[in-house]
Amino acid sequence: MVRLPRPHHVPHALVLLLPLLFCAMAPTAAEDVGEGASTLLGLLEKVQSEALRALGPRDFDPKLYVDLPLAADQAAVAAAMPPGPAPSRGELEAFLARYFGDAGSDLVPADPPDFDAHPRGFLPRVRSREARAWALEVHALWKDLARRVAPAVAVRPDRHTLLPLPGRVVVPGSRFREVYYWDSYWVVRGLLVSKMHDTAKEIVLNLVHLVEKYGFVLNGARSYYTNRSQPPLLSSMVLDIYKATGDLNFVKRAFPSLLKEHKFWMSEVHNVAIMDSHGRVHNLSRYQAMWNKPRPESATTDEELASTLTSTAAKEKLYHQVASTAESGWDFSSRWMRNSTDMTTLVTTFIIPVDLNTYLFKMERDIAIFAELIGETAASERFVEASKARHNAIDSILWNSEMEQWLDYWLPTDENCQGVYEWKSSSQNHNIFASNFVPLWLNAHHTGLVQFANEAKTLRVMRSLQTSGLLHDAGIATSLSNTGQQWDFPNGWAPLQHLIVEGLLNSASEEARKLAEDIATRWVRTNYAAYKATGAMHEKYDVEACGKSGGGGEYKPQTGFGWSNGVILSFLEEFGWPDNKEIDCS
């Protein structure tokens, strides 16, 4: 262990020790997985591998097989595996039918008691008949996506990768049968528009339960997700629910878990110290999974990716980068690659991401607010100082005044561990991604404190966005590079639209607010047109063409879809939709 020099902008209580081990990788799995869960995952990964051999790669989804609940004990299932190097399709199907339940069958439908088909006060500014009818259909999707974990999961955890949760859940949809962390933020935003406050609280308390058990919010509620988290938005969910309900007991219930989650993101696994050009040391955070094996939900895919690497050590490093990229939520994107055409060049753990540190700044401000509300004055002051320190760090390390954007910062990947890295302007990633503009979101959440970006700076960032090449007919593109990865061009994602729009909307500039409404209008129209054409809400959309869903990535496009629904309802609540405004593509 080595003690860092005390950063000029970080309170003494938040200065961390950074074990040198973690500057390269942190491969150990979460401690609470348990031997039974590991054995079950090993069995299901073998089933996954055998299924690929029997069925072939066409439309093969490896996640399906690790989501299957066992219908018999593990030993009996293992003994009944079809013999031979490659089972036939018929042998595999018979084996699966006898020894497994359907994927998702360990979640049961659960009608939310606070659902009302026509909630009072729902979208009062939506005057268009077509827009209101569609909004009510999107609102009704909460019933379709609501689930409860079946009691059998807690009784026989050795037969399920699904984790037991205390309350109802709202799942994203399609192959995403379980709760996901950052998806839940936009689900909660949509539920609040739908006046479903109790369901929103249940979702958050499920995440609080995960923090209490594992020390952080898991990527998702599966045993194979216990090695990583996702973008940290739990405090934002708590704050939005508090604003809607005034429920201080709810804040008190969540508060200890927010402190625990903050400690996780400030730990040696995620913390990086960087000295700026003035000699001041700042602490920022990165994504880093506690894993160096194939992801169980994509084991066959990861093994194929690593097949070109010759050494076990090289494969483990790649698996670690793959899992760490999944923690970012942007899996996968050229943003994390040295070579945008080669996924084996992922270096996510060597990147200080703009958006992650934006979320953590917001978390620190939120905790300060909660601490003041519940009378924890010293804690409130401590977290106000922590948020100021992160604000300074973001502007010192990530801000680029020439581009008028915040840029990811790349650490050296030579694996010569450094206790404190020295800032270099050439280490900022000058490629353009939607994440470069995510700090604008903080304008919407300054709660009476100094705005993260003042009006003049916001205007400069807005102009940079307008000339960036990211704005298209159907929304904001994720990047400028068409790599075939789903978090690249031409895909647009609901969370990124919402974060940037909400930031522009809450600036002091009328021009920025008009741009926010223009982007939201484009996004609403493409969602509406795609819904009318397909009967579904989609996970992502192609921003080049109104009404076209997105593609690319390691799985087929999905529908449902939790965060898309939440953002549409949020936009319609914020901007309304007048009678004389066309909602279809125009």
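In which loop is the place of Phe332? In this predicted model, Phe332 sits in the loop between α12 (312-328) and β6 (351-352), and the peptide bond that leads into Phe332 from Asp331 is cis, with an omega near 10°. The points below take up the backbone, some helices, a helix pair, the disulfide and a few single residues.

**Backbone details in loops**

- A cis peptide bond also joins Phe489 and Pro490, where omega is about 5°, and Pro490 belongs to the loop between β12 (475-476) and β13 (491-492).
- Asp59, although it is not a glycine, has a positive phi of about 55°; this residue lies in the loop between α1 and α2, and it counts as exposed because its relative accessibility is 55%.
- Ser174, which is likewise a residue other than glycine, has a positive phi near 55°; Ser174 is placed in the loop between β3 (169-170) and α7 (181-193), and at 40% relative accessibility it counts as partly exposed.

**Helix α1**

- Helix α1 covers residues 35-55, and because each of its 21 residues should add 1.5 Å, with an expected span of 30 Å, the 30 Å found between its end C-alpha atoms agrees with expectation.
- The buried residues of α1 are Ala37, Leu40, Leu41, Leu43, Leu44, Val47, Gln48, Glu50, Ala51 and Ala54, and what covers them includes the helices α2 (63-66), α3 (74-79), α4 (89-99) and α11 (299-306).
- Gly56 follows α1 in the chain, and its phi is positive, near 85°.

**Helix α13**

- Helix α13 is made of the 20 residues 354-373, for which a rise of 1.5 Å a residue gives an expected span of 28 Å, and the end C-alpha atoms are 29 Å apart, which agrees.
- Of the 20 residues of α13, 17 are buried, so this helix is largely enclosed by the rest of the structure.
- Just after α13 comes Gly375, which takes a positive phi of about 85°.

**How α5 and α18 cross**

- Two packed helices are described by the angle between their axes together with the distance between those axes.
- For helix α5 (residues 129-145) and α18, the axes come within 10 Å and cross at roughly 145°, and the crossing is left-handed.
- On the α5 side the contact is made by Trp134, Ala135, Val138, His139, Leu141, Trp142 and Leu145, which meet Gly562, Asn565, Gly566, Ile568, Leu569 and Leu572 in α18.
- The residues of this contact divide into nine nonpolar, four polar and no charged.

**The disulfide**

- A search of the whole structure finds one disulfide, and it is formed by Cys546 and Cys585, whose sulfur atoms are 2.1 Å apart.
- The pair links distant parts of the chain, 39 residues apart, with Cys546 in the loop between β14 (541-542) and α18 (562-575) and Cys585 in the segment after α18.
- The torsion about the S-S bond of Cys546 and Cys585 is about -85°, so the disulfide is left-handed.
- Cys546 counts as partly exposed because its relative accessibility is 31%, and Cys585 counts as partly exposed because its relative accessibility is 32%.

**Three residues and their surroundings**

- Trp265 belongs to helix α10 (residues 248-265), and at 0% relative accessibility it counts as buried.
- Leaving aside neighbours within four places in sequence, the residues in contact with Trp265 include Ser229, Gln230, Pro232, Tyr287, Glu327, Leu356, Leu360 and Met363.
- Trp265 and Ile369 are 104 residues apart in sequence, and their C-alpha atoms are 19 Å apart in space.
- His498, in helix α16 (residues 494-505), is buried because its relative accessible area is 2%, a value below the 20% under which a residue is called buried.
- Apart from neighbours within four places in sequence, His498 is in contact with Trp186, Arg189, Val567, Ser570 and Phe571.
- Glu455, in helix α15 (residues 455-466), is partly exposed, with a relative accessible area of 38%.
- When neighbours within four places in sequence are set aside, Glu455 is in contact with Ala508 and Ser509; the C-alpha atoms of Glu455 and Ala508 are separated by 5.7 Å, although these residues are 53 residues apart along the chain.

Note on methods
Residues are numbered from 1 along each chain as its sequence is written. This is a predicted model: local features need pLDDT of at least 70, side-chain atom pairs count only at pLDDT 80 or more; totals for chains, interfaces and linings use all residues. Side-chain values use heavy atoms; hydrogens and water are left out. Helices (H or I, at least four residues) and strands (E, at least two) are DSSP runs, numbered from the N terminus. The expected span of a helix is 1.5 Å times one less than its number of residues. Buried means under 20% relative accessible area, exposed over 50%, partly exposed in between (1.4 Å probe, protein chains only). Contact means heavy atoms within 4.5 Å. A disulfide is a pair of cysteine sulfur atoms within 2.5 Å. Axes are lines fitted to C-alpha atoms, for helices over the stretch in contact, and angles run from 0 to 180 degrees between N-to-C directions. A crossing is left-handed if the near helix is turned anticlockwise from the far one by less than a right angle, and right-handed if clockwise. Ala, Val, Leu, Ile, Met, Phe, Trp, Tyr, Cys and Pro count as nonpolar, Asp, Glu, Lys and Arg as charged, and the others, Gly among them, as polar.
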